[in-house]
Amino acid sequence: MTHMNMPGLGKDLIGLEGVPGETIQAILDTAEPFKEISERKIKKVPVLRGKTIVNLFFEPSTRTRISFEFAEKRLGADTVNISSSGSSVTKGETLVDTARNLEAMRIDMVVIRHGSSGAAQFLADRIPSNVINGGDGQHEHPTQALLDMLTLRDRLGRVEGLKVCIVGDIVHSRVARSNIFGLRAMGAEVAVCGPRSLIPLGIEDLGVTVFPHIEDAIEWADALNVLRLQLERMNAGFIPSLREYNRVFGVSRARLERAPRETVILHPGPMNRGVEIDSDVADGPQSVILRQVTNGVAVRMAVLYLLAGGRPELAEDAKRGQP
Ligand code: CP
């Protein structure tokens, strides 16, 4: 099933691989009117009134979980949050059994975060509710890449033609994969930079340039999307030490000062200050890190609205509370 006039968007949003640029553009355009709802005194419209949404988070999350919950509540949906530690998963219940029990209570949508790549698709194939991937293993995190692109568009006026370098732990990163697919579909040039041990073999086949040196990446890029070292997903031996990583690949003020232009700095969070990014960069004028978080709510509102059958051209009316 494909959303009306939005190729690549079906019942679910599992990833950005294969989603055409025109569909991504339509999602970002739909997010624009929704931004204003979060600035109101009463942050609520009845767009999803009567819908029930379950946020199923099997891995820790601050931004994605809270951002989805705000988006759902601001669109008037009823929401339930479930984490693995507080559910019967700890007693051995499978993902599908958990979801089928939720379906039996008549839900409409599930947002899932899971440590296993493929978990979101697995669920989507087995339940009729809309499924949105809130990050699955090392596979994809589509709403993160969408909010990154919305933030780039806000700051630089466009995504097409931009040079964006993703820096750090690419091999373990679902954020990197979703950004590569999304940015390429939107006509941006994409590069990655990091230690060879953290760059997947054959990544060039995705149309991506590899910079072994951060100085060259900074000279090339309009924007750096700086990633956390995912120590929880690493066995030993990927990097000599965090100190050494910071010395060779850390994004520092001194390095940015040598750039030929004002490089925009993104980070999906959570940050390890003093490792992949220095505090004066994270908190400095080139950083759009908190803007990313703000935009996350609007992008998630847009995705929820569209999967519920909303039309991009009617988002302005929906924002005003009109059906
Ligand atoms: N960016 C992101 O996914 O952050 P959380 O893990 O806090 O959700």
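**Exercise 1. Find where Arg 106 sits in this predicted model and what is odd about its backbone.**

Start with the place: Arg 106 is in the loop between helix 3 (95-104) and strand 3 (109-114). Helices (H or I, at least four residues) and strands (E, at least two) are DSSP runs, numbered from the N terminus. Next, check phi: Arg 106 has a positive value of about 65°, although it is not a glycine. Most residues other than glycine have a negative phi.

A quick note on ground rules: residues are numbered from 1 along each chain as its sequence is written, and side-chain values use heavy atoms, with hydrogens and water left out. Since you're looking at a predicted model, local features need pLDDT of at least 70 and side-chain atom pairs count only at pLDDT 80 or more, while totals for chains, interfaces and linings use all residues.

**Exercise 2. Which residue does a cis peptide bond join to Gly 269?**

Look at omega: it is about -10° for the bond joining Gly 269 and Pro 270. Then place Pro 270, which is in the loop between strand 9 (264-266) and helix 10 (279-282).

**Exercise 3. Work out what surrounds the ligand.**

First, list the shell (a heavy atom within 4 Å): Ser 61, Thr 62, Arg 63, Thr 64, Arg 113, His 141, Gln 144, Pro 268 and Gly 269.

Second, pick out polar contacts to the ligand (N or O pairs within 3.5 Å):

- A polar side-chain atom of Arg 113 is 2.8 Å from a ligand oxygen.
- An N or O atom in the side chain of His 141 is 2.9 Å from an oxygen of the ligand.
- A polar backbone atom of Pro 268 lies 2.8 Å from a ligand nitrogen.

Third, get the burial: taken alone the ligand exposes 250 Å², and the protein buries 92% of that (Shrake-Rupley, 1.4 Å probe).

**Exercise 4. Which pocket does the ligand take up, and what is its volume?**

The ligand's space is the largest pocket (more than half of the ligand's atoms lie within 2 Å of its grid points). A pocket is an open set of points on a 1 Å grid over the protein atoms alone, with protein on both sides within 12 Å along at least five of seven lines; lining residues have an atom within 4 Å of a point. The volume of the largest pocket, the space filled by probe spheres set on the points, is about 390 Å³. Of its 21 lining residues, the closest to the centre include Arg 113, Arg 174 and Pro 270.

Note on methods. A polar contact is a pair of N or O atoms within 3.5 Å; within protein, one must be able to donate a hydrogen and the other to accept it, and residues adjacent in sequence count only if both atoms are side-chain atoms. On a 1 Å grid over the protein atoms alone, a cavity is a set of points where a 1.4 Å probe fits but cannot get out, and a pocket is an open set with protein on both sides within 12 Å along at least five of seven lines; lining residues have an atom within 4 Å of a point.
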